[in-house]
Amino acid sequence: MQSSPVIDSSSTNTAIAVQPVNTQADSPPEWSTFEAQRRRTLLFLIFAAGYVGYHLIMRWVEYPLFRGDWYYFGGDPPPWYEYFYRWFLTLLPLAAWVGIVFFVLSRVRFLTHRRVAFVVVLLGLVFFEGNMRWYQMSNKHVSLNELQAFFDVDASSDLGLRSSDYEAIAWQFGYHIVFLTLCAFFAGPEPRYCIRAIWNGPLGRTYFGIVCQWFYRAFVWLRLEAALFFVLRCLDSKVVFACIAGLVMIDPVVIWALDKEKQDNQADRTVIRQIADTNPLRMHSLDRAWNRVVFAYSHEAQEMEAANTALRELDSLSTSSKGPILALPKRNVPAQPNDVLILQAETLNAQVFNETLPDLPFLGEFSKKCVRLKHHFSVGNATHYGIVGLLRGSPVTFFTGPRQYYQPNPYLDHFKEQGYKTRLITRSVMSHHSLGHYTKNWTEPVSEPPGDFKCIPEIHEELAKSGPHLVYTFYHATHYPYDHDKEYTTFTPEVEYDFNYNRSGLFEWKDQIVNRYKNTLLNMDEWYRKILEKVDLSKTIVIITGDHGEEFFQQGRLGHCSSLNIHQTMTPCLVYIPGVEPGEITFITSHADIMPTIADALGHQKKPETLGQSLFEPVAFRYAVISHFEYTRCKLWAVATQDRMAVFERDYWDNVEITRLTDWNGQPQAYIGDAEVWNDRFRIIRRVEQELQVSRE
């Protein structure tokens, strides 16, 4: 990198005190246009870095930097060198990005301009704002999936974006444009020209103007301007760039060492690790690369190698029949087939639902007539998985995103063969993430009224028609940001509907957010009441469940689609079958089990073969296969059993590899020394792999 001063200028004679002032006096000589542009570009990036640094420190990383340990909790402050390192850790990525952007722009002449740098920084700010909106809720930085969701046609329903969110985004965009414009202005020669024009006018002949002129002379006499040029020459050097690059490469090692020391003490993340994870400017790929290097030589790597070897050496994929039988007693098959009513709701957290159930006037009583599945999993942590997996009676091994040709649902065909009329009546589901490509074969026309409560009359009309019916409907309002009518404001205090979730330390509002969610459940309870009060329960099977769970900061997140933990994947499920004794079921169940259970309850001798298990099926091993949100082919999976999870990943060729063995709280579990316990879980993984490969073909 070349070294040369910053601003175009030409030397002129210095004016005396009360005469017009030429502000370019004693300035460095003129340089080439390209060199001047390089310097102005660098100066703009430095000013812009100050503006971005404000957002980084005061908004994005504010909580772990200032409130992560001692500041608000009365502990001892860290030693000065650690506190200094926290600031260094926060600002180092900002310096790295300044260096990268300047290096790239200054390689090409037509890119070396403040205007180009302005556009680059503005686009970066827009991305980082959106990234931190997602991070404050999900505790993970944005991925390609979330970017696709934002630009999707149904982003408002998918992400829960409100008009106030779009308004806040627009205002932030405006603020960024204004302040970056000021940075660009002060980085160029324009301030000199403005000062000269003002001081050579009437203002320059006032006492204020004369004093300002003498201050400027002092500025020049003290050579502060020359000092600025010297600093810029130092920054515009290969040595500085190399130093920043070296510090960026070393930093992940330092953080790992400090974090490891903390883990040895109390198995928790250090504040330094929290700062690093939160910082949106940080190059997290370097952290992941270093972690992979460390993992390759760790005890965990040996555990995973042994587990994957055992996975490939399984000689049978049949699960064990040892142990008590986990099943419901079968009922007598009715002379006339029952109607089937599947009532699924958006975003039902099992823990909060069960806590609130006594306060839900209708469901609190109706649940006493049902089989209550206490450890029930969805087939995934996203809506499109939860719907299509339930209706198909299978994990989403078949789901590949939008399809050129519709893929029929085997259970809808099965019920059609049994003489059922099947119909979907709900607001805007078929277009959601191409669900219509997998659930097209309803016997009756799909109806999508513009509102949850507007579906109710059509449901009653459909069930009143002759012949057995299978009707599916879906309640939307329980999705973030948890909408409810004002008369259901029972749990207080609650956050307002327009509450700004884009804030550091969001979990401090946990109780108010959960109260709002509980009030949404009260509103949902009225929806269920209005549907079921006119349904003949003596001849109708009713399924009440969610599409997935919802995390309320149990592991640092709000929402879903960001983890396979039990809070995002477990959901309540009430099964009402006439003639079946109500009660609680504590063994593992899944959305994939619902359709096989309904078919068995109706006495169907033959049903589609899937990985779902009927609740009436006498088996000794129960499981749930769950998948992590993707728009197309799911990559991250888990098999959940009574006390543990086996997490595995799918590669491009649909081969799978076990990556983690944990309990329900995500704590690592040993394989070596406990291998026999895992074998049935591994058999299910191999069966999932087979289905994935079949779907690929």
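## Close-up views of salt bridges and a four-stranded sheet

**View 1. Glu689 and Arg686, a buried pair.** Both residues here, Glu689 and Arg686, are buried. In this predicted model, their side chains form a salt bridge, with an N to O distance of 3.8 Å. Glu689 and Arg686 lie about one helical turn from each other because they are three residues apart in helix α23 (residues 675-696). Keep α23 in mind, as the helix returns in the last view.

**View 2. Glu526 and Arg529, another pair within a helix.** Here the salt bridge joins the side chains of Glu526 and Arg529 at 2.5 Å, N to O. What separates the partners along helix α20 (residues 510-532)? About one helical turn, since Glu526 and Arg529 are three residues apart in that helix. Glu526 is buried, at 16% relative accessible area, because the cut-off for buried is under 20%. Arg529 has a relative accessible area of 28% and is partly exposed.

**View 3. Glu584 and Lys374, a link between distant parts of the chain.** A salt bridge of 4.0 Å, N to O, connects the side chains of Glu584 and Lys374. The two residues are 210 residues apart: Glu584 sits in strand β10 (residues 583-585), while Lys374 belongs to the loop between β2 (371-373) and β3 (376-377). Buried or exposed, or something in between? Glu584 is partly exposed, with 49% relative accessibility, and Lys374 is partly exposed too, with 27%.

**View 4. A salt-bridge network.** Four residues come together in this view: Glu35, Arg38, Arg39 and Asp236 are linked by a network of salt bridges. For the wider setting, the whole structure holds 30 salt bridges. Side chains with opposite charges can pair when their charged atoms come close.

**View 5. An open antiparallel sheet with a helix packed on it.** Four strands make up this open sheet, in the order β12-β13-β14-β15, and their pairing is antiparallel. Why do β12 (624-627) and β15 (656-663) each have one side without a neighbour in the sheet? Both stand at the edges, so each has a single partner strand. From one strand to the next, the twist averages 25 degrees. Four bridges support the antiparallel pairing of β12 with strand β13 (residues 636-640). To follow the register, look for Ala624, whose bridge partner in β13 is Ala640. Helix α23 packs on the sheet and touches β12, β13, β14 (644-650) and β15. The directions of α23 and β14 make an angle of about 30 degrees.

Note on methods
Residues are numbered from 1 along each chain as its sequence is written. This is a predicted model: local features need pLDDT of at least 70, side-chain atom pairs count only at pLDDT 80 or more; totals for chains, interfaces and linings use all residues. Side-chain values use heavy atoms; hydrogens and water are left out. Buried means under 20% relative accessible area, exposed over 50%, partly exposed in between (1.4 Å probe, protein chains only). Two strands pair if DSSP finds at least two bridges between them. Axes are lines fitted to C-alpha atoms, for helices over the stretch in contact, and angles run from 0 to 180 degrees between N-to-C directions. Contact means heavy atoms within 4.5 Å.
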